[in-house]
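Let's walk through this model together, starting where two chains meet and then turning to a sheet and its helices.

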Amino acid sequence: MYNTPWGSYCERIWPRAIILIDMNAFFASVEQLDNPQWRNHPVAITNGAMGSCIITCSYEARAFGIKTGMRLPEARRLCPELLQIPSRPRRYAEISTRIMQTLATITPDMEIFSVDEAFLDVTHCQTLHGTPPHIAQMARQRIFAAVGLLCSAGVSGDKTTAKFAAKLKKPDGLTVIPPWEARQRLADVPVTELCGINRGIGQFLAVHGVERCGDMQRLPIQILCQRFGERLGRRLWLMAQGADPEPLETQIKAPKSIGHGKVMPPDTRDLTTIKTYLRHMAHKVAARLRQHQLLASHFLIALRTQEMWISLKEHTITPCDEEQPIYQLALRLLLQLPPGKGVFQVQITALNPGCAAHRDLFSSPLPRRRHAATMMDRVNQRYGQMTLASARLIHISPMPDVIAPSWRPDGHRRTV
Amino acid sequence: MKFEVYRDSLIYPLSILSSIIQTKPTIPIFSQFFLSLTDSTLTIIASDSEIQITASVEIHSTDLDSSTTFNFTLPAKKFSEICRNLLPGSLLKFDINELQAILRSGRNRYQLMLLNPESFTIYSMQASLFSISLPQNDIKWLLAKSSFCMAIKDIRLYLNGLLLEFRGNTLIAVATDGHRLAFSSINLADDFSANKIILPRNTALELNRILENTTDLCNLNFSNSSFEISIGSISILSNLINEVYPDYDRVIPNDLPYIFTIDRELLKSSILRTASLIPDKLSAINFSFSFNHLSLSIASIDHDNSVEDLDIDFSYDITYAVGFNISYFLDVINAIDDKNIVINLPHDINTTSALFHGLHDNSYRYVIMPIKP
């Protein structure tokens with residue numbers, strides 16, 4: 001099925017072997033899978049039927065120059081026959097879970113990198129499954145058999161090179177960069193092409209004469225360590241040379257924060273609308289804290305205006321997981337919003353949530369409101385989000401759930 | 001102005017004073033000692049925003065008139081370091097002018113820049129409401145048994161302190177961080193009218209450090225917003241936390257249904273062995289009880305687990321499971337002096353906490369909120 005020129009890489013055991021599996025145009029592919037009539041048509045996915053921002057699009061649409069993040073009217077100008085499809089996060093979460101379960105049958109050393117990407121460390125299963133390119137091939141075949149979707153794979157000796165390799169052949173590609181060739185293959189690649197080197201780091205490197213990965217070895221490692229710290233500095237220096245030492249994160253770390261944000265209709269000035277959005281975010285943060293048995297007392301509330309973010313860090317008296325106290329904090333921020341100022345985005349984040357298993361000595365036994373919240377969670381879990389909610393949220397225009405790139409099938413990141 | 005003082009007479013007071021000096025204080029003058037020379041006594045004051053410690057030191061000689069007072073400041077950490085490194089028995093000679101201090105000892109010479117002493121705020125005790133003299137070891141015991149339960153930087157300010165309550169002829173100390181509570185009490189010779197104060201966390205910890213295990217008396221003075229204690233030549237003045245302490249009586253449970261006694265050392269060593277998988281001791285340790293049997297278990301996030309079984313005197317024919325924060329549990333075990341500790345467990349671990357005390361001494365007790373196993 002796959003003819004790849006990597007036969008020569010299969011003659012020896014790799015000292016370290018990492019595979020990145022990346023689904024191709026994941027949400028669009030799922031929609032085309034479930035709706036055969038949309039196959040071979042340009043398809044763009046938006047958040048809900050009213051969403052105007054394209055969160056992903058099929059390869060047929062990409063051929064017209066349509067990109068993720070583009071506004072729908074602009075996309076329609078490029079491709080008038082573009083099909084707009086509202087996203088179905090629960091369906092994507094279901095397919096993603098099945099993909100991850102399939103990959104877990106190959107090796108337990110797996111890091112779910114995003115909803116449609118996963119790293120596999122196959123260093124220790126080369127005797128069992130064969131050489132890394134063969135394992136990558138097997139992974140792609142198993143995913144196709146399990147969910148009927150195509151994916152790209154990058155195979156190398158470290159995470160950064162594997163990620164770089166995976167995007168070289170899309171869709172449905174397999175790229176192999178063996179660890180002993182990684183340094184040479186990356187030498188002419190701009191450093192900002194590597195995952196983890198953002199614009200800020202890129203600018204710092206450019207100032208020091210590092211435009212391409214090959215330039216990195218001439219930069220003393222101390223300069224990077226002084227600027228970015230010992231760990232990151234060393235990692236940056238090595239990753240540009242195809243030797244990223246970063247291990248896979250196979251465990252989901254305890255959450256440092258739990259937050260929800262929403263882009264609003266541009267320049268919203270109506271206070272009632274802004275309050276409704278804030279209440280909705282408070283509702284979602286509180287429900288998620290309860291879902292994962294967490295409590296938080298510090299919250300970051302933020303509003304984005306045309307020019308800047310206006311934010312406020314506030315705390316509740318005792319750690320909480322309820323909508324009302326969080327919403328009350330959010331209202332304090334509204335007082336800081338200059339009159340007539342338009343809002344573009346809202347955000348509420350619970351900072352440093354802690355374990356709710358350890359109850360407070362001085363909190364009164366569970367009040368009625370807490371019981372009501374628990375019952376509401378159970379109803380919503382069974383019949384769908386917002387089936388039961390505060391009266392003020394019932395008549396809001398549909399604000400569909402969004403599946404975040406950081407979504408995971410387990411733990412606190414399972415947002416959908 | 002010149003004076004001389006023996007290094008050895010400075011060492012003890014400086015060790016106490018320098019402990020409250022912050023490395024980077026918000027107000028620069030708080031990195032300094034305030035010194036005042038009157039007659040043949042040198043008074044040294046260290047202060048931060050909450051606590052002020054004053055120490056008096058006898059000087060060897062001075063050229064100052066006996067009727068005048070001379071004030072100056074010295075950088076606290078540097079001065080303490082200089083004195084600590086001088087040879088025992090050496091005489092330290094001061095030569096102070098408005099801008100700098102020159103310190104000489106033997107063939108050493110130090111030149112220190114000075115700040116304006118007038119910018120140093122000296123607090124004094126407000127109108128005293130009542131005072132009491134108590135042996136140092138009694139107060140030290142009271143604080144040692146309770147202060148470890150104080151909260152650190154809690155939003156509820158009153159939890160970042162220690163409650164001292166006069167109730168009849170009893171002085172009670174209570175500390176809690178919201179998940180555990182310590183209660184200790186001593187009997188007084190006289191009855192006092194009911195009174196409560198909350199000592200800030202730093203003051204309680206400093207007092208516990210400075211007080212010695214002697215029966216020497218120290219004087220305590222209380223006012224509405226401050227507290228002063230005099231221990232020999234050292235005097236400590238502290239702000240109080242002006243908040244209402246929560247009703248602690250409500251959360252100390254009575255008449256709990258399951259009570260058993262266990263050897264303290266046996267339990268401690270078992271917990272430490274079981275917890276050896278957990279590096280930070282912040283996780284929960286699970287206790288599973290059945291008739292005359294206790295099973296301790298811990299599961300780490302790496303899916304490792306450890307179990308230890310113990311034969312204990314648990315005379316209830318039930319199976320009962322409860323979890324506790326390991327470090328909370330070890331703190332309590334370490335604080336109880338008795339060979340055997342009594343553990344009182346509630347019927348419903350969701351609503352009621354567990355109570356711990358020594359077998360023979362009920363004057364100090366601990367409450368820990370359980371965790372669902």
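Across the interface of chain A and chain B in this predicted model, the rule finds zero salt bridges. Polar contacts do not add much to the list: the count between chain A and chain B is one residue pair, with both residues at pLDDT 80 or more. The two chains nevertheless bury about 1,600 Å² between them, and 62% of that lies on carbon and sulfur atoms. Chain A brings 13 residues to the contact and chain B brings 24.

On the chain A side, His358(A), Leu361(A) and Phe362(A) lose the most area to chain B, together making up 53% of what that side buries. Strands β10 (294–304) and β11 (309–320) of chain A each supply at least two residues to the side that touches chain B, and β11(A) gives the most, with four residues. By type, the residues on this side of chain A are four nonpolar, seven polar and two charged.

Now look inside chain B, where six strands form an open antiparallel sheet in the order β11-β12-β23-β22-β21-β16. Each of β11 (161–176) and β16 (258–263) of chain B has a single partner strand, so one side of each is left without a neighbour in the sheet. Neighbouring strands here are turned by 25° against each other on average, direction ignored.

Two helices of chain B pack on this sheet. Helix α3 (residues 136–144) touches β11, β12 and β23 of chain B, its direction making about 150° with that of β12(B). Helix α6 (residues 326–335) touches β12, β21, β22 and β23 of chain B, and its direction makes about 170° with that of β23(B).

Technical notes:
Residues are numbered from 1 along each chain as its sequence is written. Chains are lettered from A and ligands numbered from 1 in the order in which they are written. This is a predicted model: local features need pLDDT of at least 70, side-chain atom pairs count only at pLDDT 80 or more; totals for chains, interfaces and linings use all residues. Side-chain values use heavy atoms; hydrogens and water are left out. Two strands pair if DSSP finds at least two bridges between them. Axes are lines fitted to C-alpha atoms, for helices over the stretch in contact, and angles run from 0 to 180 degrees between N-to-C directions. Contact means heavy atoms within 4.5 Å. Buried area is the accessible area (1.4 Å probe) that two parts lose on being put together, summed over both. A salt bridge is a side-chain nitrogen of Lys or Arg within 4 Å of a carboxyl oxygen of Asp or Glu. A polar contact is a pair of N or O atoms within 3.5 Å; within protein, one must be able to donate a hydrogen and the other to accept it, and residues adjacent in sequence count only if both atoms are side-chain atoms. Ala, Val, Leu, Ile, Met, Phe, Trp, Tyr, Cys and Pro count as nonpolar, Asp, Glu, Lys and Arg as charged, and the others, Gly among them, as polar.
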